[in-house]
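Hi everyone, thanks for making time. I'd like to walk you through a model that some of you haven't seen yet, so let's get it up on the screen.

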Protein chains: 2
Amino acid sequence: MGRTSDAKERLINSAIKLISARSYTAVGVQELCKHAGIKKGSFYHFFPSKRELTLAALDVMWETFREKVLEPTFTSDLPPMEKFRRFLDTSYQHHCSTRETTGCMTGCQVGNLAVELSTQDEVIRQKIEQIFEQWADCCERVLNEAVAAGDLPVEIDPRATAQAILAYIEGILLLGKTFNDPSLIKRLGRGVVQLAIVGKGFGETDIKI
Amino acid sequence: MGRTSDAKERLINSAIKLISARSYTAVGVQELCKHAGIKKGSFYHFFPSKRELTLAALDVMWETFREKVLEPTFTSDLPPMEKFRRFLDTSYQHHCSTRETTGCMTGCQVGNLAVELSTQDEVIRQKIEQIFEQWADCCERVLNEAVAAGDLPVEIDPRATAQAILAYIEGILLLGKTFNDPSLIKRLGRGVVQLAIVGKGFGETDIKI
């Protein structure tokens, strides 16, 4: 059962595991408590609702992703554009490993909740918007490094290009989940750098492309 | 209440409307029946389960999208790459209109179900995989036209480029739903053509990008 002092952390870990494997709506408080090994009555001692638990889980998802995946790659000594390659390689390995263990490619934990809940829960939508903004900040810093290193043209719009890269990565993970096939990350991943190379077009905001 | 002979169609339309606005799991058979104006007991006369209704709804979603949006654009007399621009413009108008009516950008109806259900329902996952393959077929035909017209280099891998475009569009709609902001379609849409222009890189399948 573990110590009571662990209970909050165990609930968060159970939420990340169960919700990522299925969906927010499909997983109830009772199942979360059973998985975390705590009594249902204790749940509300830690969180007023499943929504509050999910907000805490989103913070942990993002912090884990940032500390374990993004920072080691994006603040490394690699040449800027090589950082995106390394990131995609890490993502590919991760999704292969998850698929091997569970039988399923589960996609992006944050993107999954974004799609399921953005029209249903404004507080969760805003939390995910903040996470995506931080994710785009990380990409933007790498793009600025690439411009400074002369690897990308100075005319690119770093913010829009960072958002385009984030959209594309989320789209690849969506397609990978649909096809249950992590190899789409390899097959389509190079488009990330292609979007950056031609990123100067993003500066204009009309629909012309 | 409408005629009984309409009931199946009304159930499908209610499923498309309610599930797209929220999610599959959040919408129950009782609510679907109430929205469609039929008795709950009659539901199982038309569909053995909510899953079967959703499979029928996915067929209608795809056929409607193909007939009303894709075909008028992709089989028009427009220059090939202009077809993608027109498609994005149509998509932008549609999502602005939905947001104006409902307060929410609901994203891609098919992509929403893909994210929510791919790990939970193998039959629905396979149905969506087939829809995405057909969607990619449509993009691939336009890319082949563009190559034939000399607008894209002959070295592009049309299938992988079509998948990349599909992934990118789904990613833009995911981000748009998260930010509740259709203008991301305008802001990031031009990346579709950029992915195509540099699409020859997709021919290689290693992680190098």
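I'll start with how the two chains sit together, then go into a few helices, and finish in the core.

First, a caution: what you're looking at is a predicted model.

Okay, the two chains. How are the copies, chain A and chain B, related? You can lay chain A on chain B by a turn of 180° with a shift of 0.0 Å along the axis, and the RMSD comes out at 0.0 Å. So the two copies are related as by a two-fold rotation axis. If you want to find that axis on screen, go to Gly171(A): its C-alpha is the one in chain A nearest the axis, 1.9 Å from it.

Now, where do they touch? We have 57 residues of chain A in contact with 57 residues of chain B. On the chain A side, the elements giving two or more residues are H5, H6, H7, H8, H9 and H10. Which of them gives the largest share of that side? That's H8(A), with 14 residues. By class, the chain A side has 27 nonpolar, 18 polar and twelve charged residues. And 100% of the interface residues of chain A are also interface residues in chain B, so the copies meet through the same surface.

Let's zoom in on a pair of helices within chain A. The axes of H4(A), residues 50-74, and H6(A) come within 10 Å and cross at roughly 145°. From H4(A), the contact uses Leu58(A), Met61(A) and Trp62(A), and from H6(A) it uses Gln109(A), Val110(A) and Leu113(A). That makes five nonpolar residues, one polar and no charged ones.

Next up is H5(A), residues 80-102. This helix has 23 residues and spans 34 Å from first C-alpha to last, close to the 33 Å expected at 1.5 Å a residue. Its buried residues are Lys83(A), Phe84(A), Phe87(A), Leu88(A), Ser91(A) and His95(A). What covers them includes H4, H7, H8, H9 and H10 of chain A. Just after the helix comes Gly103(A), with a positive phi, near 85°.

Last stop, the core. The largest nonpolar core has 116 residues, and the ones touching the most other members are Ile165, Leu166 and Tyr168, in both chain A and chain B. Take Ile165(B): leaving out residues up to four places away in sequence, it touches Cys139(B), Val192(B), Leu195(B) and Ala196(B).

That's my tour, and I'm happy to take questions.

Definitions and conventions
Residues are numbered from 1 along each chain as its sequence is written. Chains are lettered from A and ligands numbered from 1 in the order in which they are written. This is a predicted model: local features need pLDDT of at least 70, side-chain atom pairs count only at pLDDT 80 or more; totals for chains, interfaces and linings use all residues. Two residues are in contact if their C-beta atoms, placed from the backbone, lie within 7 Å. Helices (H or I, at least four residues) and strands (E, at least two) are DSSP runs, numbered from the N terminus. Ala, Val, Leu, Ile, Met, Phe, Trp, Tyr, Cys and Pro count as nonpolar, Asp, Glu, Lys and Arg as charged, and the others, Gly among them, as polar. Copies are superposed by least squares on the C-alpha atoms of residues with pLDDT of at least 70 in both. Axes are lines fitted to C-alpha atoms, for helices over the stretch in contact, and angles run from 0 to 180 degrees between N-to-C directions. The expected span of a helix is 1.5 Å times one less than its number of residues. A residue is buried if 20 or more other C-beta atoms lie within 10 Å of its own, exposed if 12 or fewer, and partly exposed in between; C-beta atoms are placed from the backbone. A nonpolar core is a set of buried Ala, Val, Leu, Ile, Met, Phe, Trp, Tyr and Cys residues joined through C-beta atoms within 7 Å.
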